[in-house]
Amino acid sequence: MTTFKENKSCIDACLACASACNYCASSCTKEDDVKMMAKCIQTDMECAAACYAAAQLMSLGSEKAKEMCRLCADICEKCAEECEKHEHGHCQECAEACRKCAEECRKMAA
């Protein structure tokens, strides 16, 4: 079982990513063409949920944390790909946070 201290950088990356995803989703709802942003909003919300779950399982020292982190990394990659399609600052910042989180989650799950 890994300790909280060992997982801290991954937990921090997950929480930062969830926050960026929530901000991005909220900001997308204020864009002129909200319909065009629908997939981005959905992906952001799914990614935030996965990030919170991964952070929580790591904090609990769960034996399923590595498995969740593998899934979280995949979801973060998909979210980054979607956000990178849009030129909005919030989408670009979200994509960057997603890439960092995916990298941390892959390290943790190795």
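Guide: In this predicted model, a residue counts as buried when its relative accessible area is under 20%, as exposed when that area is over 50%, and as partly exposed in between. Let's put that to use.

Visitor: Gladly! Why is glutamate 104 called buried?

Guide: Its relative accessible area is 17%, and the cut-off for buried is under 20%, so glutamate 104 belongs to the buried class. The residue sits in helix α4, which covers residues 89-109.

Visitor: Which residues does glutamate 104 touch, if those up to four places away in sequence are not counted?

Guide: Ser9, Cys10 and Ala13. Here a contact needs heavy atoms within 4.5 Å.

Visitor: What else is buried in α4?

Guide: Glu104 has company there: among the buried residues of α4 are His90, Cys91, Cys94, Cys98, Cys101, Cys105 and Met108, along with Ala95, Ala97, Ala102 and Ala109.

Visitor: How do you know that the length of α4 agrees with its number of residues?

Guide: The expected span is 1.5 Å times one less than the number of residues. For the 21 residues of α4 that gives 30 Å, and the end C-alpha atoms are 30 Å apart, so the two values agree.

Visitor: And what span does helix α3 reach, set against the expected one?

Guide: Helix α3 takes in residues 65-83, 19 residues in total. From first C-alpha to last it reaches 26 Å, close to the expected 27 Å. Its buried residues include Met68, Glu82 and several cysteines, such as Cys69, Cys72, Cys76, Cys79 and Cys83.

Visitor: What makes threonine 43 a buried residue?

Guide: The same kind of test: a relative accessible area of 13% falls under the 20% limit, and therefore threonine 43 is buried. Threonine 43 is found in helix α2. Setting aside neighbours within four places in sequence, threonine 43 makes contact with Lys78, Cys79 and Glu82. Of these partners, Cys79 and Glu82 appear among the buried residues of α3.

Visitor: Why is alanine 38 called partly exposed?

Guide: Its relative accessible area is 41%. Partly exposed lies between the 20% and 50% cut-offs, so alanine 38 fits that class. Alanine 38 is in helix α2, residues 38-60. Its C-alpha atom is separated by 8.1 Å from that of cysteine 28, ten residues apart along the chain.

Visitor: Why does serine 59 count as partly exposed?

Guide: At 40% relative accessibility, serine 59 also lies between the two cut-offs, so partly exposed is the word for it. Serine 59 lies in helix α2 too. From serine 59 to glutamate 96, the distance is 23 Å in space, C-alpha to C-alpha, for 37 residues in sequence.

Visitor: Stepping back, how many helices and strands does the chain have?

Guide: Four helices and zero strands, in the order α-α-α-α from the N terminus.

Visitor: How do you know that the chain is as compact as a globular protein of that length?

Guide: Its radius of gyration is 14 Å, and the globule rule gives 13 Å for 110 residues; the two are close, so the chain is as compact as a globular protein of that length. The C-alpha trace spans about 50 × 20 × 20 Å along its principal axes.

Visitor: What share of the contacts with a separation of 6 or more joins residues 24 or more positions apart?

Guide: That share is 69%. As for burial, 45% of the 110 residues are buried.

Terms used. Residues are numbered from 1 along each chain as its sequence is written. This is a predicted model: local features need pLDDT of at least 70, side-chain atom pairs count only at pLDDT 80 or more; totals for chains, interfaces and linings use all residues. Side-chain values use heavy atoms; hydrogens and water are left out. Helices (H or I, at least four residues) and strands (E, at least two) are DSSP runs, numbered from the N terminus. The radius of gyration is taken over C-alpha atoms; the globule rule is 2.2 Å times the number of residues to the power 0.38. Buried means under 20% relative accessible area, exposed over 50%, partly exposed in between (1.4 Å probe, protein chains only).
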